[in-house]
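Subject: Structure for your review

Dear colleague,

Please find below the structure that I am handing over to you. My findings follow it, and I would be grateful if you would read them alongside the coordinates.

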Amino acid sequence: MQLWFSDWKMKVLSFNRNIQLFIVANILIQIGMGVFMVMYNLYIKELGMPETINGKVISMAALASAITLIPAGFLSDKFGRKWLIIGGAAFGALTLFYRSFTVAETPMIYAAFLTGVFMAFVQVSGVPFLAENSKPAERVHLFSVYFALMTVANVIGSLVGGVVADFFQIVLSMAAVEAIRWSLLAGSVLFAIGLIPLFRLNSKAPENEEHVPPLIDKEKPETGLKKNLIVIFHFSFASLLIGLGSGLVIPYLNLYFSNRFGASNSYIGLILSLGSAMTAVAMLIGPIFVRKVGKVKALIIFQMLSIPFLLLTAYTTSLMLASLGFLLRQALMNAGNPIQSAIAMEVVDDKYKGLANSVNQMVFNIGWATMGSVAAGLVISHGSYWGYAYAFTITACLYIVSSIYYFFIFGRRKLAEE
């Protein structure tokens, strides 16, 4: 354990200043977003609005990101990552402050759409920015650290959201709506503070980067646009399936615990934050697993092992079992994210990396946008037990299909090269 910790510490300290500043900024941004992810649909619920409003808000934010990601990717490639990230984060912060106060349906939906638009500029530039500022040999560890820290930031955001809301409601005897509003404002402030490190980034990548092509490409010349588009299509189709499944359950996990089990805001914040903490640990263990079985095998094994726990969460009537199923599913499914990013950065040529990242995120957001209203409709039609059970079961099926597709498209070629 000490050797593992020392190895990670050495690798993190070796990252250049641009990467360190970018990670600090995104930690603050993700804490703010973590508060909103946990508390905003509870805020809508406390306003007395129907479940369908939550579906519309989630779908509009995801749809906005899906529409914006590819144009944002092209602009990022053309004008540089730094100022697009800063602009997107600045305007995104303004929309969060606005959403903390608005109580009408139409402004809520429009503001969610604008949040999705501006956050797309932050999202699409992240992985390419890290890739441009790192050496090929350190990218698997870098992506693992980055995704793990973003997950830990969501842990903190989840805790901050639930605890601040309960503090204002219980200790200060504030109405539930007002208490949650103060929680959302706290998240907005933390998000805005994340802008400070972004202004200190250097627009130009360090000159000492080792321009060594990834191992997978050592024996082949750069491929053309058509072949890269085919690879991007296959990656994106697998991501679309995952996005469809995720869109059915992930945005509604707090409502799942609230509606099915009557859990408190603090418990919901705690359990979601523990899920993020377990995910962070799994992401850091991921590179060890990759060294033993290879990237593709590791990714597929992580995804398939998460399915039984997803189904446990779907059908149990015990809060403890539901929490356990959620925690293990969350850790296993998300542990593959940095591995998938590393694979994508290897099989796509350098000049198409931005396009690959934007398309991949776009189709994932299309999945969320498409399934938000479907999930709300299932709960309204079938109640808090069978509605969530059907949603989780459909998600499990989509995850299985995605893993099988990924194996047959990438598995054989990648396994042979590894």
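With which residue does E105 form a salt bridge, and how far apart are the closest N and O atoms? Before I answer, please note that this is a predicted model. The partner of E105 is K56, and the closest N and O atoms of the two are 3.3 Å apart. Because E105 belongs to helix α5 (residues 105-132) and K56 to helix α3 (residues 51-79), the pair ties together parts that are 49 residues apart in sequence. Both ends are partly exposed: E105 has a relative accessible area of 32%, and K56 has one of 36%.

The structure holds two salt bridges. The other joins the side chains of E178 and R181, with an N to O distance of 2.4 Å. These two residues are three apart in helix α7 (residues 176-193), so about one helical turn separates them. An α-helix has 3.6 residues a turn, so residues three or four places apart point the same way. Here the two ends differ in exposure: E178 is partly exposed at 32% relative accessible area, whereas R181 counts as buried at 10%.

Overall composition

The protein contains 15 helices and zero strands. Of its 418 residues, 57% are buried. Among contacts between residues at least 6 apart in sequence, 88% join residues at least 24 apart. The exposed area of the protein is about 17,500 Å², and carbon and sulfur atoms supply 71% of it.

Nonpolar cores

The largest nonpolar core has 90 residues, and those with the most contacts inside it are L198, F257 and F392. Helix α2 (residues 17-46) contributes the largest share of this core, namely 15 residues. Apart from this core lies another, of 25 residues, which includes A238, V290, F302 and L332. To return to F392, its contacts beyond the neighbours within four places in sequence are V249, L253, Y256, L310, T313 and A314.

Helix α13

How does the end-to-end distance of helix α13 (residues 319-335) agree with its 17 residues? At 1.5 Å a residue the helix should span 24 Å, and its end C-alpha atoms are indeed 24 Å apart. As 12 of the 17 residues are buried, α13 is largely enclosed by the rest of the structure. The buried residues of α13 include polar ones such as S323, R329, Q330 and N334, together with A322, G325, F326, L327 and others. At the N-terminal end, α13 is capped by S318, which places a side-chain oxygen 3.3 Å from the backbone nitrogen of M320.

Individual buried residues

Three further residues may be worth locating in the model.

T68 is found in helix α3 and is buried, with a relative accessible area of 10%. Its side chain reaches the backbone oxygen of A64 at 2.7 Å. Leaving aside neighbours within four places in sequence, T68 is in contact with V117, A120 and F121.

Q303 is found in helix α12 (residues 295-315). Q303 is buried, with a relative accessible area of 8%. Beyond the neighbours within four places in sequence, Q303 is in contact with I242, M333 and S403. Of these partners, M333 is one of the buried residues of α13.

A376 has its place in helix α15 (residues 353-417) and is buried, with a relative accessible area of 3%. Its contacts, again without the neighbours within four places in sequence, are E51, T52, G55 and Y252. The C-alpha atoms of A376 and V249 are separated by 9.8 Å, although the two residues lie 127 apart along the chain. V249 also appears among the contacts of F392.

With kind regards

Technical notes. Residues numbered from 1 in each chain as written. Predicted model: local features only at pLDDT ≥ 70, side-chain atom pairs only at ≥ 80, totals over all residues. Heavy atoms only, no water. Core = buried A, V, L, I, M, F, W, Y, C linked by side-chain atoms within 4.5 Å. Buried < 20%, exposed > 50% of the residue type's maximum accessible area, 1.4 Å probe, protein only. Helix = DSSP H or I, 4+ residues; strand = E, 2+ residues; numbered from the N terminus. Contact = heavy atoms within 4.5 Å. Salt bridge = Lys/Arg side-chain N within 4 Å of Asp/Glu carboxyl O. Polar contact = N/O pair within 3.5 Å; in protein donor to acceptor, adjacent residues only side chain to side chain. Expected span 1.5 Å × (residues − 1). Areas by Shrake-Rupley, 256 points an atom, 1.4 Å probe, with all protein chains shown as cover.
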